[in-house]
Amino acid sequence: MKLTRLVGQCDEGECPAIYATDRGTLAVQGSRLADHGLDLPAHESLVEIPIELIRKAVRDNLI
């Protein structure tokens with residue numbers, strides 16, 4: 001899978017970010033949430049990102 005970084009909060013690659021994939025989907029990088037109380041399938045995770053990342057991606061017409 002090829003990822004193209006759309007927006008992020010830092011340049012080092014270890015901060016929350018949103019990527020476009022070559023499959024026409026988005027991938028989100030953020031802090032993994034553990035104490036959410038949801039029953040998720042083993043192949044899924046929840047991550048937390050600042051809402052400003054979504055706002056910036058929309059404002060800049062990236063998504």
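Colleague: How many bridges join β2 to strand β3, and in which direction do the two run?

Modeller: In this predicted model, β2 and strand β3 (residues 26-29) are joined by four bridges and run antiparallel. One facing pair is Y19 and A27, the latter being in β3.

Colleague: And what lies between those two strands?

Modeller: The hairpin of β2 and β3 has four residues between the strands. Within this hairpin, G24 adopts a positive phi near 80°.

Colleague: Which strand is joined to β2 by five bridges?

Modeller: That is strand β1, residues 3-8, which runs antiparallel to β2. As an example of the register, V7 has I18 in β2 as its bridge partner.

Colleague: Is β2 mostly covered or mostly uncovered?

Modeller: Strand β2, residues 17-21, is mostly covered, with four of its five residues buried.

Colleague: Let us take one residue there. Where is T21 placed, and is T21 buried or exposed?

Modeller: T21 belongs to strand β2. Its relative accessible area is 11%, which is under the 20% limit, so T21 counts as buried.

Colleague: What does the side chain of T21 have as polar partners?

Modeller: Two can be named. The side chains of T21 and T25 form a polar contact of 2.6 Å. In addition, a polar atom of the T21 side chain lies 3.1 Å from the backbone nitrogen of R23.

Colleague: Which residues does T21 contact if the neighbours within four places in sequence are left aside?

Modeller: With those neighbours left aside, T21 is in contact with M1, K2, L3, L26 and A27. Of these, L3 falls within the residue range of β1, while L26 and A27 fall within that of β3.

Colleague: Changing topic: what is the order of the elements along the chain?

Modeller: The order from the N terminus is β-β-β-β-β-α. In total, the protein has five strands and one helix.

Colleague: Then where does N61 lie, and is N61 buried or exposed?

Modeller: N61 is in the segment that follows α1 (51-59). Its relative accessibility is 68%, and the threshold for exposed is over 50%, so N61 counts as exposed.

Colleague: What is notable about the phi of N61?

Modeller: N61 has a positive phi of about 55°, although N61 is not a glycine.

Colleague: How far apart are N61 and L6, in sequence and in space?

Modeller: They are separated by 55 residues in sequence, and their C-alpha atoms are 10.0 Å apart.

Colleague: Now the whole protein. What share of the residues is buried, and what box do the C-alpha atoms fill?

Modeller: Buried residues account for 14% of the 63 residues. Along the principal axes, the C-alpha atoms fill a box of roughly 35 × 25 × 20 Å.

Colleague: What is the accessible surface, and how much of that belongs to carbon and sulfur atoms?

Modeller: The accessible surface is about 4900 Å², and 49% of that belongs to carbon and sulfur atoms.

Colleague: How are the charges placed?

Modeller: There are 7 positive and 10 negative charges, and the mean positions of the two groups are 7 Å apart.

Colleague: Finally, what share of the contacts joins residues at least 24 apart?

Modeller: That share is 23%, taken among contacts between residues at least 6 apart in sequence.

Definitions and conventions: Residues numbered from 1 in each chain as written. Predicted model: local features only at pLDDT ≥ 70, side-chain atom pairs only at ≥ 80, totals over all residues. Heavy atoms only, no water. Buried < 20%, exposed > 50% of the residue type's maximum accessible area, 1.4 Å probe, protein only. Contact = heavy atoms within 4.5 Å. Areas by Shrake-Rupley, 256 points an atom, 1.4 Å probe, with all protein chains shown as cover. Lys, Arg positive; Asp, Glu negative; His and termini not counted. Charge placed at Lys NZ, Arg CZ, Asp CG, Glu CD. Pairing = 2+ DSSP bridges. Polar contact = N/O pair within 3.5 Å; in protein donor to acceptor, adjacent residues only side chain to side chain.
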